[in-house]
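Here is a protein model to read through in questions and answers. Keep the sequence and the 3D view at hand.

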Amino acid sequence: MAAGRALRLVVPLLAAAVVLELAAAVWPQPQVEGYPPGRGRCLLPPRRFRFAYAAGSAVGPGCAVLEAAFQRYWALLFAAARPTENEPPWGMPCTQLLVFVATPGCDGFPSLDSKESYKLSVLEGSLLLSADAVWGALRGLETFSQLVGRDENGTYYINKTEIVDFPRFPHRGLLLDTSRHYLPLRAILETLDVMAYNKFNVFHWHIVDDPSFPYESFTFPELSKQGAFNAMTHVYTASDVQTVIEYARLRGIRVIAEFDTPGHTLSWGPGAPGLLTPCYLGKDPSGTYGPINPILNSTYQFVTSLFQEVSAVFPDFFLHLGGDEVDFTCWKSNPKIRAFMKEMGFGEDYKKLESFYVQRLLDIISSLGKGYIVWQEVFDNGVKVRPDTIIHVWKENSIPYMEEMANVTKAGYRALLSAPWYLNHISYGQDWMAAYQVEPLKFEGSPEQKDRVIGGEACMWGEYVDVTNLAPRLWPRAGAVAERLWSNATIRDLQDAYVRLADFRCKLLRRGVQAQPLYIGYCENEFGGF
């Protein structure tokens, strides 16, 4: 029965697939897309085609971000072209895409305030991409690349089109967990490529957690020596981290590192003696450890030194400080902590002890000139945080996540949504549809509250994910989240989305990405890795 229902959904879509030949689909859907009267095509001769800077552009030759992008996109578009291929036999060839950027700046990093809007005009013999900043030009180049087709004769073309586009939300992220399973550097870089194809702009690097500490710290080298799965092979060196940051920058992607405390820190213990709380069984230590010990001055000296390093290594203004799922059992068992609780007048309320730690941590991060994102428990437990704190909503069970979004924004904080987008949760069938149908602003609240929602993140937690299944589990499912965060709120039609996402998935295969199928069907270019 289930298969029959799915077939009924898909049959009308197959007929619609013909439309793709008439008008190449773009994922995520642009805000405004128009077709000039008379339609028609512009032919692209691979040997002569080039990207160039328009007259008056504030950036030009030597702009690292765009020069690298021009090379990438030329290869993506024309790598399959035969060197001896004839020039287009008919029609007006378009030999260059002119790129105009209004404001200078090629050496900086993208930020929450980056301008990503662009306009793309494909007219008779004229291709123009204009953007406020290089980050918008990158988004426009991706759209351009998706519009280019190839006919049965091998001729490349692009249909006449005019696009005005910009993101709905400024923070469109993807979380990867490199603690539960180590992800090789190449897998992270390949993920950044596909993020750029989907117009994601934040890589949330959940780099360490209970199982392992793969980040090589130059301040505390023992952390990875003792805490990584393998200190030689399963670590991210300083060079690796810089490679990720620069690779992401060239694609307009921010790298936000998460060092989650005071819980989720068991891997820190072996390399930082005295940092974690010794657990007790009755009057004697049990030999096990719990969260970071919040009552020692040495803890705050350690945390200050570590985050000084992290703040210098990761250039983004924001750090993710975690703060979720703190288990109080060990704290409750420790006589010194119980005595501290009494001395501080905390009674038996261990949330107050957690807040004591988190507030001191936030003061440290503020003193380092950084902003911070925290998981929702920090807000739920009443920790005093700065007004500019970003609260990351991830829970689905305690109260409905939309109620949490309403509470967070009503309190004046900016919010990020991840609760409905845990892509590590898999199910039989087309589960991308549930992710696609989420509306981040569907909660009771004022327009001001809605404005405080800065976006969201798809999360890929690593309990059951490593390099062998990362790409097919992510793609194209994460694309559903990408479109929800980029495109207009009115873009919701599942049938239309299916056609475009299936087409986009075929493009990903052609680009060498092992993106899993949405449903029954085929691609003209199947995955070439086998």
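Q: How many bridges join β3 to strand β4, and do they run parallel or antiparallel?
A: The model is a predicted one. In it, β4 covers residues 96-101. One facing pair is A52 and L98, the latter in β4. β3 and β4 run parallel, and the number of bridges joining them is four.

Q: Which strands stand at the edges of the sheet with the order β1-β9-β5-β6-β4-β3?
A: This open sheet has six strands and mixed pairing. Its neighbouring strands are turned against each other by 15 degrees on average, direction ignored. An edge strand here has a single partner, so one side of it is left without a neighbour in the sheet. The edges are β1 (32-34) and β3 (50-53).

Q: Which helix packs on this sheet and touches β3 and β4?
A: The helix spans residues 64-78. Its direction makes about 155 degrees with that of β3. It is α3.

Q: What is the strand order in the open sheet of three strands?
A: The pairing is antiparallel. β2 (41-44) and β7 (148-150) are the edge strands, each pairing on one side only. The twist averages 35 degrees from one strand to the next. The order is β2-β8-β7.

Q: Which residue in β8 is the bridge partner of G149?
A: Strand β8 covers residues 156-159. β7 and β8 pair in the antiparallel sense over three bridges. The partner of G149 is Y157.

Q: At what angle to β7 does helix α4 run?
A: Helix α4 covers residues 134-147. It lies across β2, β7 and β8. It also lies across strands of the six-stranded sheet, among them β5 (118-123), to which it runs at about 35 degrees. To β7, the angle of α4 is about 20 degrees.

Q: How much space lies in the largest cavity?
A: A search of the whole structure finds six cavities of 30 Å³ or more. The lining of the largest one includes F109, P110 and R249. By class, that lining has six nonpolar, no polar and three charged residues. The space in it is about 70 Å³.

Q: Which elements give two or more residues to the lining of the largest cavity?
A: I245, R249, R254 and V255 are among the lining residues. The elements concerned span 238-249 and 254-258. They are α7 and β12.

Q: Which residue does a cis peptide bond join to T261?
A: Most peptide bonds are trans. At T261, omega is about 0 degrees. The partner sits in the loop between β12 and β13 (276-281). It is P262.

Q: Where is P476, which a cis peptide bond joins to W475?
A: For this bond, omega is about 5 degrees. The flanking helices are α16 (470-474) and α17 (477-486). The place of P476 is the loop between α16 and α17.

Q: What is the phi of H264?
A: Most residues other than glycine have a negative phi. H264 is not a glycine, yet its phi is positive. H264 lies in the loop between β12 and β13. Its phi is about 55 degrees.

Q: Over which residues does pLDDT stay under 50?
A: The protein averages a pLDDT of 93, and 93% of the residues score at least 70. Among the elements, strand β11 (residues 202-206) has the highest mean, 99, and helix α2 (residues 19-22) the lowest, 38. The model has 26 contacts beyond four places in sequence for the stretch under 50. That stretch is residues 1-23.

Notes: Residues numbered from 1 in each chain as written. Predicted model: local features only at pLDDT ≥ 70, side-chain atom pairs only at ≥ 80, totals over all residues. Heavy atoms only, no water. Pairing = 2+ DSSP bridges. Axes fitted to C-alpha atoms, helices over the stretch in contact; angles between N-to-C directions. Contact = heavy atoms within 4.5 Å. 1 Å grid on protein atoms, 1.4 Å probe; cavity = no way out; pocket = protein on both sides within 12 Å on 5 of 7 lines; lining within 4 Å. Points joined across faces, edges and corners; volume = space filled by probe spheres on them. Nonpolar A, V, L, I, M, F, W, Y, C, P; charged D, E, K, R; others polar. pLDDT = per-residue confidence, 0-100.
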